[in-house]
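Work through the exercises below with the structure in view. Try each task before reading its solution.

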Amino acid sequence: MDTTPLRHAYRVFLDAAAVVGSGGTSPVPPAGEWNADQILAHVSLVSAATIAAVSAVASGANTTYDNRTALDTWTMERVIGFADGNAGLRDRIRRQGDALCALGGPVLSETELDTLVPARLLSNGTVLVDQPMSLRDLITGLANTELPGHTRQLLALRPDGATAPATT
């Protein structure tokens, strides 16, 4: 599996996170939305869950994929504390992205990537997925939907409301 799109999505997300988090204070989000650190914690939790699913399949174990823990604000606040804030979260996510790209690319066979994983994905209290998904689809969904969506969410926190991702 070519993980170039995943690596790119992580890079663009982290570039946006660096821009938003560079002022030393997290911009105040609109009511009911997450702040920058909570978005980072959520992405870290989603990345960890994806790594766990990939590792389980690679080890021949049964697994599931459920993002509900990554939506829990108490859990996000614990992750923020464990990572020691914004810079620590960005470093954690960078390392998780590296790990996922290393595992998802050369390590897994096509058969492993096609393994169906029972999945439950929610967003804003709405069930998006409640059925088996291939491991490949979980990984590409992270690259094509999850990370770009949270990149836009981060950039919307900027005072100028920018929506274009930062470039490197």
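An angle between two elements is taken between their N-to-C directions and runs from 0 to 180 degrees, with axes fitted to C-alpha atoms. The model used here is predicted.

**Exercise 1. The sheet and the helix across it**

Task: Find the order of the strands in the open sheet, and state which strands are at the edges.

Solution.
- Step 1. The open sheet has three strands in the order 1-2-3, and its pairing is mixed.
- Step 2. Strand 1 (65–66) and strand 3 (126–134) each pair on one side only, which is what makes them the edge strands.
- Step 3. Strand 1 pairs with strand 2 (residues 116–123) in the parallel sense, over two bridges.
- Step 4. Asp66 has Arg120, in strand 2, as its bridge partner.
- Step 5. Strand 1, strand 2 and strand 3 are crossed by helix 6 (residues 135–155), which runs at about 135 degrees to strand 3.

**Exercise 2. Two helices in contact**

Task: Decide how helix 2 is oriented relative to helix 3: roughly parallel or roughly perpendicular?

Solution.
- Step 1. Helix 2 spans residues 36–58 and helix 3 spans residues 73–83; their axes come within 9 Å and cross at roughly 95 degrees.
- Step 2. Angles of 65 to 115 degrees count as roughly perpendicular.
- Step 3. Helix 2 is therefore roughly perpendicular to helix 3.
- Step 4. On the helix 2 side, the residues that meet helix 3 include Asp37, Ala41 and Leu45; on the helix 3 side, Met76, Val79 and Ile80 are among them.
- Step 5. Sorted by class, this contact has five nonpolar, five polar and two charged residues.

**Exercise 3. The largest nonpolar core**

Task: Which element gives the largest share of the largest nonpolar core, and which residues touch the most other members?

Solution.
- Step 1. The core has 44 residues, and Leu6, Phe13, Tyr65, Leu135 and Leu147 touch the most other members.
- Step 2. Elements giving two or more residues to the core include helix 1 (4–21), helix 4 (86–107) and helix 6.
- Step 3. The largest share, 11 residues, comes from helix 2.
- Step 4. Beyond its neighbours within four places in sequence, Leu6 contacts Leu100, Cys101, Ile139, Leu142, Ala143 and Leu147.
- Step 5. In soluble globular proteins, nonpolar side chains tend to be buried together.

**Exercise 4. One residue of helix 2**

Task: Is Ser55 buried or partly exposed?

Solution.
- Step 1. Ser55 lies in helix 2.
- Step 2. Buried means under 20% relative accessible area and exposed means over 50%.
- Step 3. Ser55 has a relative accessible area of 32%, so Ser55 is partly exposed.
- Step 4. Ser55 and Val107 are 52 residues apart along the chain, and their C-alpha atoms are separated by 9.9 Å.

How values were computed
Residues are numbered from 1 along each chain as its sequence is written. This is a predicted model: local features need pLDDT of at least 70, side-chain atom pairs count only at pLDDT 80 or more; totals for chains, interfaces and linings use all residues. Side-chain values use heavy atoms; hydrogens and water are left out. Helices (H or I, at least four residues) and strands (E, at least two) are DSSP runs, numbered from the N terminus. Angles under 35 degrees count as roughly parallel, over 145 as roughly antiparallel, 65 to 115 as roughly perpendicular and the rest as oblique. Contact means heavy atoms within 4.5 Å. Ala, Val, Leu, Ile, Met, Phe, Trp, Tyr, Cys and Pro count as nonpolar, Asp, Glu, Lys and Arg as charged, and the others, Gly among them, as polar. Two strands pair if DSSP finds at least two bridges between them. A nonpolar core is a set of buried Ala, Val, Leu, Ile, Met, Phe, Trp, Tyr and Cys residues joined through side-chain atoms within 4.5 Å. Buried means under 20% relative accessible area, exposed over 50%, partly exposed in between (1.4 Å probe, protein chains only).
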